[in-house]
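Let's take a friendly walk through this model together, one neighbourhood at a time. Keep the viewer open as you read.

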Amino acid sequence: MANHQKDFLFVLIKSLSKSEKRQFKIFASRLETSSNTKFIELFNILDKSEVYDEKPILKSGIIKKVQLSNLKSYLYKQILVSIRLNIPSQNIRYQLREQIDFATILYNKGLYKQSLKILDKTKILALENDEKYMAFEIVEFEKLIESQYITRSIQGRADELVIQAKELNYRNTISSKLSNLSLQLYGMMLKTGYVKSDEEYNYIEDYFNKHISKIDKDKFGFREKYWFYNANLWRSFLLQDFLASYKYAYKWVTLFYDNPNMIFLNPVFFIKGNHYLLESLFMLKYKTKFKKYLYLLEETIADPRFPVNDNISSLSFLYLYNNKLNYHILEGSFDESEYLIPEILEKIKIHSEHLDEHHEMMFYYKIACIYFGTEKYAGSIYYLEKIINNKNLIMREDLMCFARLLYLIVHFEMGKDFNLESQLKSTYKFLLKMNDLHEVQKEIIRFLKNLNTLYPGDIKKEFIKMRERFIELEKNTYEKRAFLYLDIISWLESKIENRRISDIMREKAKLINR
């Protein structure tokens, strides 16, 4: 039995909606081939199966094992063709691609004038929707046809096409450079998290400035601005400059609201921009603005004009619910947020094919934080162990580190001192291995280790002393990232005042009116 997660055909069939399945069967019934009956039967078997298993297929007798691979490939292709034929007409990219295909058909028949007419209209549509890559492809096609379709105005037409090609090529090159830079910075963020030293800070600054030098910002169109803001956002996140992150995320989102048609043409970019805007506001603890933009995002996604497909549905779930949790953590309203947990767990199952492991683990960490805030420590430990025991999580090392630190604190709260010493040693070794042992981590481990040696009357004094120490560390650029994952200061204050951490955080949130 193969793993259904790895069988592409099975996963594709399971992703089809009822209408797509119905459309495929209508499409398949029109095909008159010798393999027609076989691939429809294979489709029906896989559609009814819960997991991918070749035994029922072979037992049905529709095909021999040596032929199965070819039949699966054929079925896979026909499903894609069926979906392609039934894509909604309002999708501008498919409209453009379809018109280019029509122009190619006419060109191959030698009907150059008709082909050029379609291409000219399609090019205008592409430029209106900032689809400059397609516009460049069209111009190159026009140049090819004009070289064969001779007219009296060929010289003027040739000059016009050359100018258009140069301009589009320049803009596409700039977009490509900026998108490459953005992707590389994002990769650094996933792998190592925020910068940890002056050396890393200077490396990121030099790397960024080297890649944006000689770029003329005055010539930016929509797409160039988008990638420029995107790259600046990741640079700012890496450097922990959250005011700059907010600045560029705000520019990113405003760019879409100023060009509303782009929201519906590029919904993924729009959703992600809003997520990073909300994440920046979370880091800055701007609660009022956070609530405003979270509501605005949810309202826009609910707009009937907003595209709906599996990918967009998964991203909408990921970013909306991630930020709903963030809002409750920011507000300190842990008790009020518990209703979200069963919804999130159910949606994780629904969107499992589209969620990567790192985002799933991030959900678990925030759920663990919610349970910690409500003092339901067993629930917190359960979700932290899902992260700690995940051997495949090679990215987001910072998440792994702080999951382990919170794990130690939860065990301390539960009074499980009998194995705290071994856990402290294990966490210390892990942080050394990850090259992530900074002052905040050292202080947490040292603090927890020393608590067992103190007299009961001295414990409160130690909490007060550590609170002052952490307040100073929070001012350090390279240490403050720890406080973004774990509000250790509020926890210490809860121990000093003998109050719930949620009450402490809620009072702090009320003092912030931004």
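Glu375 is found in the loop that runs between helix 19 (357-373) and helix 20 (377-388). Keep in mind as you look at this loop that the model is a predicted one. The backbone of Glu375 has a phi near 65 degrees, which is a positive value in a residue other than glycine. Is Glu375 buried, exposed or partly exposed? Its relative accessible area is 38%, and because buried means under 20% and exposed over 50%, Glu375 counts as partly exposed.

Another loop offers a similar stop. Lys285 sits between helix 14 (267-284) and helix 15 (287-301), and its phi is near 65 degrees, again positive in a residue that is not glycine. With 37% relative accessibility, Lys285 is classed as partly exposed.

Now turn to the interior. The largest nonpolar core holds 132 residues, and those that touch the most other members are Ile344, Tyr365, Leu448, Phe470, Ile488 and Trp491. Which helix gives the most to this core? That is helix 21 (residues 397-413), with 12 residues. If you centre the view on Tyr365, you will find it touching Leu384, Ile387, Leu399, Phe402, Ala403, Leu406, Tyr485 and Leu486, leaving aside residues up to four places away in sequence. Apart from the largest core lies another one, made of 22 residues, including Leu46, Tyr52, Ile57 and Leu71.

Next come the aromatic rings. How many aromatic pairs does the structure hold? There are 37 of them. One is formed by Phe24 and Phe43, whose ring centres are 4.6 Å apart with 40 degrees between the planes, a tilted arrangement. This pair links distant parts of the chain, with Phe24 in helix 2 (residues 18-29) and Phe43 in helix 3 (residues 36-48), 19 residues apart. Both Phe24 and Phe43 are buried.

A second example is Tyr226 with Phe256, which meet edge-to-face at 6.3 Å centre to centre and 85 degrees between the planes. Here too, distant parts of the chain are linked: Tyr226 belongs to helix 11 (residues 222-238) and Phe256 to helix 12, 30 residues apart. Tyr226 and Phe256 are both buried.

Helix 12 itself deserves a look. Spanning residues 242-258, it has 17 residues and reaches 24 Å from its first C-alpha to its last, close to the 24 Å expected at 1.5 Å a residue. Its buried residues are Phe242, Ala244, Ser245, Tyr246, Tyr248, Ala249, Trp252, Val253, Leu255 and Phe256.

Some rings have a charge for company. The charged end of Arg235 sits over the ring of Phe208, 5.4 Å from the ring centre. Lys324 does likewise with Tyr321, its charged end lying over the ring at 4.6 Å from the centre.

The last stop is Ser175, in helix 9 (residues 154-192). Where does Ser175 stand, buried or exposed? Its relative accessible area is 1%, so Ser175 is buried. Not counting residues up to four places away in sequence, Ser175 touches Tyr133, Arg223, Glu224 and Trp227.

Definitions and conventions: Residues are numbered from 1 along each chain as its sequence is written. This is a predicted model: local features need pLDDT of at least 70, side-chain atom pairs count only at pLDDT 80 or more; totals for chains, interfaces and linings use all residues. Side-chain values use heavy atoms; hydrogens and water are left out. Helices (H or I, at least four residues) and strands (E, at least two) are DSSP runs, numbered from the N terminus. The expected span of a helix is 1.5 Å times one less than its number of residues. Buried means under 20% relative accessible area, exposed over 50%, partly exposed in between (1.4 Å probe, protein chains only). Rings of Phe, Tyr and Trp (its six-membered ring) pair if their centres lie within 6.5 Å; planes under 30 degrees apart count as stacked, over 60 as edge-to-face and the rest as tilted. A charge sits over a ring if NZ of Lys or CZ of Arg is within 6 Å of the ring centre and within 35 degrees of the ring normal. A nonpolar core is a set of buried Ala, Val, Leu, Ile, Met, Phe, Trp, Tyr and Cys residues joined through side-chain atoms within 4.5 Å. Contact means heavy atoms within 4.5 Å.
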